[in-house]
Amino acid sequence: MSIAVAEAEKGLRRKDGGPFGAVIIRAGEIVARAHNEVIKNSDPTCHAEMQAIRAAAKELKRFDLSDCEIYSSCEPCPMCLAAICWARIPHIYFGATRRDAAAIGFADAEIYDFISDKIQKNSPVKKQLGRKACLVPFQKWLNLKSKTQY
């Protein structure tokens, strides 16, 4: 966890983004470390966990990180939590909570509400359309013999 905190501090010194750091470990060895780079990259997806997952996948040359664990200086937001799940990382260790993050202006409550279909004043509007056409590539994927399932 101390390395995740050091990454958060590094990002703050560089003014790369918010005060968040993450480390991915495999068999006791550091595979990747990262900090929030939202401001540096003008990219809202460049959270510390996302950056660490990208770096670990590149380093290990695979998308399945099921033999790794992640240490984050803060409880992962919904986006990062989803990426951790997609990467199949089985253990998440975090320091500060989402409530601690909210107390300094990083609130995810609206996203959690959106996921649970609670209507919020500033929520994006969800509307399903074109399902039939969108299912065509799904069927092609299902029938594809040489696919890599992930």
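**Helix H4, the nonpolar core and the largest pocket**

In this predicted model, the cover over the buried residues of helix H4 includes helix H3, strand E3, strand E4 (91–96) and helix H6 (109–115). The residues of H4 that are buried are Pro78, Cys80, Ala83 and Ile84, and just after this helix Arg88 adopts a positive phi of about 65°.

From H4 the reader can move on to the nonpolar core. In soluble globular proteins, nonpolar side chains tend to be buried together. Here the largest nonpolar core comprises 22 residues, and those making the most contacts inside it are Ile24, Ile53, Ala56, Leu65, Ile70 and Ile89. At least two residues of this core come from each of strand E1 (21–26), strand E2 (29–35), helix H3 (48–60), strand E3 (68–74) and helix H4 (78–86), while H3 gives the most, with five residues.

Ile53 offers a way to follow these contacts at the level of single residues: when residues up to four places away in sequence are not counted, Ile53 touches Ile24, Leu65, Ala83, Ile84, Ala87 and Ile89. Among these partners, Ala83 and Ile84 are buried residues of H4, and Ile24, Leu65 and Ile89 are, with Ile53, among the residues that have the most contacts inside the core.

A separate feature to examine is the largest pocket, whose volume is about 300 Å³. Its lining consists of 18 residues, of which Phe20, His47, Cys77, Phe106 and Asp108 lie nearest the centre of the pocket; by class, the lining is made up of 10 nonpolar, five polar and three charged residues.

Conventions
Residues are numbered from 1 along each chain as its sequence is written. This is a predicted model: local features need pLDDT of at least 70, side-chain atom pairs count only at pLDDT 80 or more; totals for chains, interfaces and linings use all residues. Side-chain values use heavy atoms; hydrogens and water are left out. A nonpolar core is a set of buried Ala, Val, Leu, Ile, Met, Phe, Trp, Tyr and Cys residues joined through side-chain atoms within 4.5 Å. Buried means under 20% relative accessible area, exposed over 50%, partly exposed in between (1.4 Å probe, protein chains only). Helices (H or I, at least four residues) and strands (E, at least two) are DSSP runs, numbered from the N terminus. Contact means heavy atoms within 4.5 Å. On a 1 Å grid over the protein atoms alone, a cavity is a set of points where a 1.4 Å probe fits but cannot get out, and a pocket is an open set with protein on both sides within 12 Å along at least five of seven lines; lining residues have an atom within 4 Å of a point. Grid points are joined across faces, edges and corners, and a volume is the space filled by probe spheres set on the points. Ala, Val, Leu, Ile, Met, Phe, Trp, Tyr, Cys and Pro count as nonpolar, Asp, Glu, Lys and Arg as charged, and the others, Gly among them, as polar.
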